[in-house]
Amino acid sequence: QATKDAAALAGLDCLRILNEPTAAALAYGIDGKRDGTALVYDLGGGTFDVSILRIDDGVFRVLATAGDTHLGGDDFDELLGQRILAALPKVAGQPPAAQDPFVLQAVRQAAEGLKIRLSDHERAELQLDLGARGTVTMTVTRAECEAAIAPLVQRTLDCVQRAIKDAGLRLDQLDDIVLVGGSTRVPLVRARLQALCGKPP
């Protein structure tokens, strides 16, 4: 109701409220013209959600949902960030790098950049200038990154399997797999999901 009220205040005529997975399915071209079952895999920066939708005569029904509110792309960044922190030179007379907010922010941004580059390339170079703390130069391969994040990706797949079970379905009964969220660009995520579901998302 609050959403409808907000729409009215904005001068909009709110015809229908869509839940997030249904909105994602529509945005990705699943228009309800054919019946079927869709899995919406939503891996954002801070949370993970999976929903199973059933489409009957243009009506979307959510059959099951699962997720992890403490799992997202930020956790991928954190693992890469730990690797960068470990490579930082220790500077006499200064607190550890992990206690310096400036350093932590720079490392977080660098880690995110590494993750993005490794989605398109097999290896990525990092040169991080931290002023008085010196400069870090390192190379990270996609294989190293994937080895680090594999347990996190498996946690998302466990949620997928739980949602499928709750919906009373089998994985081979899915007609569409929809990816939502920037972290689904990570090749390992796509590959593991395709291996689990038996079809490309």
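Start by selecting strand β1. Look at both of its faces: Gly-36, Ala-38, Val-40 and Asp-42 on one side are buried, and so are Thr-37, Leu-39, Tyr-41 and Leu-43 on the other. The strand spans residues 36–43, and 8 of its 8 residues are buried. Keep in mind that this is a predicted model.

**Next: the partners of β1**

Add strand β2, residues 48–56. β1 and β2 run antiparallel, joined by 8 bridges. Pick Val-40 in β1 and look across to β2: Ser-51 stands opposite. Now follow the chain from β1 to β2. The connection is a hairpin, made through 4 residues.

Add strand β6, residues 176–180. Here the pairing with β1 is parallel, over 5 bridges. Two pairs are worth labelling. Ala-38 stands opposite Asp-176 in β6. Leu-39 stands opposite Ile-177 in β6.

**Widen to the sheet**

Select β3 as well, residues 59–68. The 4 strands now form an open sheet, in the order β3-β2-β1-β6, with mixed pairing. β3 and β6 are the edge strands, each pairing on one side only. Step from strand to strand: neighbours in this sheet are turned by 20 degrees against each other on average, direction ignored. Strands of a sheet pair through backbone hydrogen bonds, so switch on the backbone here.

**Then a helix on the sheet**

Show α6, residues 187–197. This helix lies across β1 and β6. Against β6, α6 runs at about 160 degrees.

**Move to α3 and α4**

Select α3 (73–87) and α4 (101–120). How do their axes cross? They come within 8 Å and cross at roughly 115 degrees. That angle makes α3 roughly perpendicular to α4. The crossing of α3 past α4 is right-handed. Show side chains at the contact. From α3, take Gly-73, Phe-76, Asp-77, Leu-80, Gly-81, Ile-84 and Leu-85. From α4, take Val-103, Leu-104, Val-107, Ala-110, Ala-111, Glu-112, Leu-114 and Lys-115.

**Last stop: Asp-100**

Centre on Asp-100, in the loop between α3 and α4. Is Asp-100 buried or exposed? Its relative accessible area is 19%, and buried means under 20%, so Asp-100 counts as buried. Now measure from its side chain to the backbone of Phe-102. A polar atom of the Asp-100 side chain lies 2.9 Å from the backbone nitrogen of Phe-102.

Key. Residues numbered from 1 in each chain as written. Predicted model: local features only at pLDDT ≥ 70, side-chain atom pairs only at ≥ 80, totals over all residues. Heavy atoms only, no water. Buried < 20%, exposed > 50% of the residue type's maximum accessible area, 1.4 Å probe, protein only. Helix = DSSP H or I, 4+ residues; strand = E, 2+ residues; numbered from the N terminus. Pairing = 2+ DSSP bridges. Polar contact = N/O pair within 3.5 Å; in protein donor to acceptor, adjacent residues only side chain to side chain. Axes fitted to C-alpha atoms, helices over the stretch in contact; angles between N-to-C directions. Parallel < 35°, antiparallel > 145°, perpendicular 65-115°, else oblique. Left-handed = near helix turned anticlockwise from the far one by under 90°. Contact = heavy atoms within 4.5 Å.
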